[in-house]
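Q: Please choose one part of this model and look at it closely. I would like to follow how it is put together and what packs against it, in one connected account.

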Amino acid sequence: MYDYLIVGAGLFGSVFAHEAHKRGKRCLVVDRREHTGGNIHCDEVEGINVHRYGAHIFHTSSREVWDYVTSLVEMNRYTNSPIANYEGRLYNLPFNMNTFYQMWGVITPAEAEAKIAEQRREAQEKMASEGVSEPRNLEEQALVLVGRDIYERLIKGYTQKQWGRACTELPAFIIRRLPVRLTFDNNYFNDTYQGIPIGGYNKLTDKLLEGIETRTGVDYTAHRAELSVMAHKTLYTGAIDEYFNFKFGHLQYRTVRFETETLDMPNYQGNAVVNYTSAEVPFTRIIEHKHFEFGTQPKTVISREYSTEWKPGMEPYYPVNDAANSNMAAQYAELAQAQRSMLFGGRLAEYKYYDMDKVVASALNMARKEFQEL
């Protein structure tokens, strides 16, 4: 009945379905969730688009990807400028002249540079006294990059909550570099283009899937045999280990738990994203959703985010790219390449962390290759 069965109505599957549909292909999109959009899905609460699966900010330096998305929906001018709250004191992120003024009272780039250099030197001398030439863990790596003050207030507690383990137990490569700006620039991303779809991300998903048969609440794994024979080819965007029935074991992830509440006030924190960097605060950040779209509603909706260890059955978020998981993912990828009449793509099928623009670019590239346009 169909040319393509697309498993997963998230961003990757929706872009591929849209491209196939434009070329006259008959597509069926299925998703086990009761909604489309995958993790960019929004719920409307009190007139506010609530990012159910965490904050998503579209940013890219690819003119092609930006033009593609804006041909489907209009984007607003949202710029991600998060704030860090450490024991009740506020600091701008990423690390820039505003941060250094708040941290030390310095007002010139030269003063800030000298202060950072002094603290970096202290860390390097301490390592040298212990006979260590290269950072052995994330803590040492951070100290030699930005010094103790920034590390203790803005990195240590937050990172330990994110990963569920001490910074001394995390590998140094996680933060090989930390951006330090000697300008008063609070824009978190360096990309050329940035924004949120006006009206929320559901507008984008709906436009991508317009005119395409889509069935939600359908579990492909449970109905694989009957679904697969309905199409000449299948694009699978789900978890790669699940597709192969966990033959080599379960790939590991970090996941996120949310506590979302509606508050009877127009403005809770004055910013879309506030990170809580003290280890004593159990959540990593609070998202106030209305600020992504400059909302003026009389009420507001906030979500507290808790980073937790992933277990089978929980929503997978961030792949754990250590040696064991990388080797296991490579084994699954090898099996995937041998599958005839199957395509695999997206963050779960490839076991990769993808920003949204990279998801769009990857899906477009797959479509061009599939339709022999490269």
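A: Two strands pair if DSSP finds at least two bridges between them, where strands (E, at least two residues) and helices (H or I, at least four) are DSSP runs numbered from the N terminus. The model is predicted, with pLDDT of at least 70 needed for local features and 80 or more for side-chain atom pairs, while totals for chains, interfaces and linings use all residues. Residues are numbered from 1 along each chain as its sequence is written, and side-chain values use heavy atoms, without hydrogens and water.

The part chosen here is an open sheet of 5 strands, ordered 9-2-1-10-16, in which the pairing is parallel. Its edges are formed by strand 9 (213-216) and strand 16 (342-344), each of which has a pairing partner on one side only. From one strand to the next the sheet twists by 20° on average. Within this arrangement strand 1 and strand 10 (residues 231-236) run parallel and are joined by 5 bridges, and I6 faces L235 of strand 10 across that pairing.

Strand 10 also contains A231, a residue that counts as buried because its relative accessibility is 14% (buried is under 20%, exposed over 50% and partly exposed in between, with a 1.4 Å probe and protein chains only). Apart from residues up to four places away in sequence, A231 touches Y2, D3, Y4 and L5 (contact means heavy atoms within 4.5 Å). A further relation in space links A231 to R26: the two stand 205 residues apart in sequence, yet their C-alpha atoms are 8.9 Å apart.

Two helices that lie across strands of this sheet can now be added. Helix 1 lies across strand 1, strand 2, strand 10 and strand 16, and runs at about 165° to strand 1 (axes are lines fitted to C-alpha atoms, for helices over the stretch in contact, and angles between N-to-C directions run from 0 to 180 degrees). Helix 12, in turn, lies across strand 1, strand 10 and strand 16, running at about 155° to strand 16. The residues of helix 12 that are buried are M356, D357, V359, V360, S362, A363, L364, M366, A367 and E370. Just beyond the end of helix 12, Q372 adopts a positive phi of about 55°.

F16 shows in detail what surrounds one side chain-bearing position here: with residues up to four places away in sequence set aside, it touches Y4, I6, L235, L343, A363, M366, A367, E370 and F371. Among these contacts, I6 and L235 are the two residues that stand opposite each other, L235 being in strand 10, while A363, M366, A367 and E370 are also among the buried residues of helix 12.

Helix 1 has a helix neighbour as well. The axes of helix 1 (residues 11-22) and helix 7 (residues 201-208) come within 8 Å and cross at roughly 35°. On the side of helix 1 this contact is made by L11, S14, V15 and H18, and on the side of helix 7 by L204, T205, K207 and L208.

These elements meet again in the largest nonpolar core, a set of 47 residues of which L11, F16, F58 and F292 touch the most other members (such a core is a set of buried Ala, Val, Leu, Ile, Met, Phe, Trp, Tyr and Cys residues joined through side-chain atoms within 4.5 Å). At least two residues of this core come from each of strand 1 (2-7), helix 1, strand 2 (27-31), helix 2 (63-70), helix 7 and helix 12 (356-370). Helix 12 provides the largest share, with 7 residues. A second core, separate from this one, has 28 residues, including Y86, Y91, L143 and I155.

For contrast, another open sheet has 7 strands in the order 7-6-12-13-14-11-15, and there the pairing is mixed. Strand 7 (89-92) and strand 15 (318-319) are its edge strands, each pairing on one side only. Strand 6 (residues 83-86) pairs with strand 7 over 4 bridges in the antiparallel sense, and N92 in strand 7 is the bridge partner of I83. T277 is located in the loop between strand 12 (273-276) and strand 13 (285-288), and counts as buried because its relative accessibility is 2%. Outside its neighbours within four places in sequence, T277 contacts A84, N85, Y86, R153, L154, G157, Y158 and K161.
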